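Visitor: I'd like to go through this model with you and ask how each label is earned. Could you show it to me?

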Amino acid sequence: MESNSQGTDTEKPVKSTPRQGRREAFRVSALQIWGSRIGWKITIRAFLTLIIIQMLALAVMLPHFQNENIDYIKETGRIAVLSAMDGTIRSDSNISPISEQSAATLAARTPILGVAVYDLEYNLLSAYGTLPPLDDLQQKIADGHSVTLSRRKDFMDVVYAPLDLARPYTIAVHMRSEKLLTALQNYITNNGIIMLVLSGLVTIVLMLSIGRWLLEPVILLRNNLIEAAKHPETPKIQYPRVETSDEVGVALKIANDLIRQNAANLLRLRSQAEDRIHRLAYFDRLTNLPNRSMFMEKLEEYIKNHVIKQDKRLAIMAIDLDNFKDVNDTMGHEVGDKVLEAIAYRFVHAMPDNAVISRASADEFNVLVLLGDKDRPQDYVNNIFEALEEPISIYQESFKIGGSIGVSHCPDDGIEAPKLLKNADIALNRAKEEGRNTARYYSEEFDKAVQKRFQMLRDLRVALDEKQFQLHYQPQFDLHTGKMIGSEALLRWWKPDKSKKGGHFVSPADFIPVAEQSGLIVPIGEWVLRQACTDSVAWQKEGFDTASRVAVNISGVQFHRSNLVRIVSDIIQETGIEPRFLELEVTESIFMDDIETTVATLKKLHELGVDLAIDDFGTGYSSLSYLRQFPIDRLKIDQSFIRNALSNPDDMAITKTIISLGHSLSLSVIAEGVETQEHENFLKQEGCDEVQGFKYSKAIPAPELVQFMRTYANDLKPPAKLATVK
């Protein structure tokens with residue numbers, strides 16, 4: 001058998017060599033390290049920390065540097081003062097050792113601007129030039145404050161004690177100190193430059209170190225995570241220039257491994273999901289056969305490759321399992337599934353290897369066979385029937401499943417896949433209509449019949465919307481008293497056309513089956529029931545109480561597919577009809593589907609007060625054991641028995657039996673199809689209760705029925721004006 005599975009293409013991850021990955025990593029990291037927020041946070045803090053440390057160091061060293069310079073200037077001034085003093089050591093310390101000329105020389109050649117000379121008693125001996133403040137001179141010397149700087153540090157006052165001069169004098173000088181100011185400024189500037197350079201160098205080294213050992217791996221990790229988020233199945237992983245075994249390097253390696261594993265898992269899951277989606281989309285889960293979609297693709301492929309290119313022929317078969325629903329209903333869906341699996345297995349082994357077999361729906365299969373030059377489609381049809389011939393054993397139960405087959409041919413019946421399958425379905429429907437367990441080959445006549453049916457269905461919908469339906473009534477009579485006891489409502493369809501009459505009646509035999517198959521019988525039947533009740537109420541208002549009972553036929557589809565009890569109850573309340581004036585006629589076929597549900601529904605209807613009758617009794621398959629359970633009021637003998645009762649002994653015997661059976665069950669019996677006086681006499685003789693038929697009246701519209709009731713004389717003869725009506 002040809003494999004129908006199709007592989008799925010999965011996207012493979014793009015792999016890069018470690019060398020390419022490291023080169024790419026370096027390029028990306030070099031651009032991003034200096035833009036790293038965390039890098040700048042660390043760097044700025046380190047830089048500021050170094051600046052603060054160096055500023056604190058400068059603050060500590062600056063006073064020492066200043067004192068050294070002050071001492072130097074002080075010493076320079078002392079030497080200058082000593083050189084200006086008279087070299088002779090005087091025994092009289094009351095005479096100033098510095099002459100006016102020497103003081104002038106000091107002012108001209110040294111930073112000293114003024115000199116004040118004191119004796120040991122701090123008495124002023126002489127003063128020259130700009131003098132320093134002389135207050136508390138003795139106290140300053142005692143406190144060790146021999147130097148006083150101006151606020152701007154450009155002038156300095158120095159007091160030299162006798163020990164400094166090795167002379168018995170105390171000399172105070174006022175001198176310039178610009179060099180001290182310049183030295184301080186240069187010291188601060190140089191240290192500031194050195195501080196900035198060192199801080200910058202340390203910061204750069206720190207940034208490079210952090211970037212190399214911390215930021216680069218972190219940035220790589222971030223980039224890889226972003227890439228994994230954007231392309232989880234195919235991430236382009238970046239690698240460090242050098243793999244390290246430190247904490248950060250190990251963390252990066254683990255993260256990269258996890259990303260690769262996640263990508264591989266996602267690709268595997270995606271491949272598995274795509275395979276599963278493909279199987280769900282193209283294969284039946286129960287039988288593992290291709291489904292209808294896959295079958296259509298294969299059919300189109302075969303048409304293109306074999307029919308068009310190679311001038312080959314195809315056979316398309318639509319197979320429906322007969323009465324498979326009974327297996328599900330009686331044995332359960334588990335057994336039904338096992339039966340389907342077994343049938344699928346048999347079909348696969350009954351067909352050639354190049355065949356395509358699909359499960360189209362619950363109990364329908366499609367088969368596509370490529371025909372050889374000597375192949376006959378009938379041979380493959382026979383193979384299918386042979387596959388179904390042997391009973392299927394499931395859980396020690398044996399099931400005999402039949403099948404109906406419809407066959408179309410390509411290119412004979414079409415060259416398009418949908419049309420070919422539709423034609424096979426049309427042939428299948430014909431096979432089911434003609435008795436099942438058989439095969440039919442597509443014919444244009446089948447298609448015309450289907451098209452006619454579809455047109456009928458469209459026209460029925462229009463008829464329902466545009467109220468083209470009418471009700472005609474056939475009177476019913478008490479056979480013994482002659483009184484009219486009611487009438488049967490019969491549906492008629494007046495279809496407008498362009499003829500002289502403006503329309504024509506469509507036979508119920510043509511449109512009722514279509515309405516039942518499509519389900520339109522449900523809304524149509526509801527309209528019939530409502531209209532019949534409305535007419536009955538109108539007749540009662542005109543005084544025809546005894547003749548106002550209406551009998552309405554209920555279709556099996558209407559009985560099972562609609563909430564009949566609720567509908568009848570609503571119509572009774574809506575129209576105001578007394579339930580005793582309404583009779584519902586049901587056929588025996590409705591009893592076969594679900595006895596328990598049928599009995600329950602009939603009992604609920606009877607509880608509403610309506611009468612119930614079995615229509616066409618004797619033509620179905622009802623069991624007498626069940627008949628006792630049904631809350632039935634009347635049996636209706638089918639007209640086929642009445643028509644031939646006088647000429648066919650079997651029909652006569654059946655008629656007599658039904659009348660006897662009905663009376664034994666305390667039921668009324670009504671015969672339809674009474675056409676002659678002989679029929680009437682026979683039914684009277686057998687004790688039949690009620691009759692209807694052409695002998696008395698055909699089905700007539702509601703207005704004519706009113707006229708009939710007005711002129712009827714209760715003698716089982718039609719009124720004079722209607723006596724010739726057929």
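Guide: Sure. Let's fix one term before we start: contact means heavy atoms within 4.5 Å. Bear in mind too that this is a predicted model.

Visitor: With that rule, what is Q540 in contact with beyond its neighbours within four places in sequence?

Guide: Leaving those neighbours aside, Q540 is in contact with D545, S548, I577, E578 and F581. Q540 itself is found in helix α15, residues 521-541.

Visitor: And why is Q540 called buried?

Guide: Buried means under 20% relative accessible area. Q540 has 17%, so it counts as buried.

Visitor: What makes C410 count as buried?

Guide: Same cut-off: C410 has 1% relative accessibility, which is under 20%, so the label applies. C410 is found in strand β11, and it touches I303, V307, K312, R313, L314, I316, I415 and L420, not counting residues up to four places away in sequence.

Visitor: How far apart are C410 and I303 in sequence and in space?

Guide: They are 107 residues apart in sequence and 7.9 Å apart in space, C-alpha to C-alpha. H306 gives another pair of this kind: H306 and L370 are 64 residues apart in sequence, with 8.2 Å between their C-alpha atoms. H306 sits in helix α8, residues 292-310, and touches D311, K312 and L370 once residues up to four places away are set aside.

Visitor: What about M207: buried or exposed?

Guide: Buried. M207 comes out at 0% relative accessibility, and the limit is under 20%, so there's no arguing with that one. M207 is in helix α6, and its C-alpha is separated by 8.1 Å from that of I42, 165 residues apart along the chain.

Visitor: Let's zoom out. What share of the protein is buried?

Guide: Buried residues make up 44% of the 726 residues. The protein has 23 helices and 22 strands. Among contacts between residues at least 6 apart in sequence, 67% join residues at least 24 apart.

Visitor: Now α11. How do you know that its span is close to what is expected?

Guide: The expected span is 1.5 Å times one less than the number of residues. For α11, residues 377-389, there are 13 residues, and the expected value is 18 Å. The helix reaches 19 Å from its first C-alpha to its last, which is close to that. Helix α13 has 22 residues and reaches 32 Å, against an expected 32 Å.

Visitor: Which residues of α11 are buried, and why do you say they line one face?

Guide: The buried ones are P377, Y380, V381, I384, F385, A387 and L388. Seen down the axis of α11, they fall within an arc of 155 degrees, so they line one face of the helix. On the other side, E386 and E389 are exposed. What covers the buried residues includes β6, α10, β8, β11 and β12.

Visitor: What is the general reason for residues lining up like that?

Guide: An α-helix has 3.6 residues a turn, so residues three or four places apart point the same way.

Visitor: What puts the buried residues of α14 on the same side?

Guide: In α14, residues 508-518, the buried residues are F511, V514 and A515. They cover an arc of only 100 degrees around the axis, which puts them on the same side of α14. They pack against α13, β13, β14, β15 and α15. After α14 comes G519, whose phi is positive, near 90 degrees. Helix α13 is also followed by a residue with positive phi, K467, near 55 degrees.

Visitor: Last one: how many cavities are there, and what lines the largest?

Guide: The count comes to three cavities of 30 Å³ or more. About 70 Å³ of space lies in the largest. Its lining includes R212, W213, E216 and P217. Helices α6 and α7 each supply at least two lining residues, and α6 gives the largest share, four residues.

Visitor: What kinds of residue make up that lining?

Guide: Six are nonpolar, two polar and four charged.

Note on methods: Residues are numbered from 1 along each chain as its sequence is written. This is a predicted model: local features need pLDDT of at least 70, side-chain atom pairs count only at pLDDT 80 or more; totals for chains, interfaces and linings use all residues. Side-chain values use heavy atoms; hydrogens and water are left out. Buried means under 20% relative accessible area, exposed over 50%, partly exposed in between (1.4 Å probe, protein chains only). The arc is that of the directions from the helix axis to the C-beta atoms. On a 1 Å grid over the protein atoms alone, a cavity is a set of points where a 1.4 Å probe fits but cannot get out, and a pocket is an open set with protein on both sides within 12 Å along at least five of seven lines; lining residues have an atom within 4 Å of a point. Grid points are joined across faces, edges and corners, and a volume is the space filled by probe spheres set on the points. Ala, Val, Leu, Ile, Met, Phe, Trp, Tyr, Cys and Pro count as nonpolar, Asp, Glu, Lys and Arg as charged, and the others, Gly among them, as polar.
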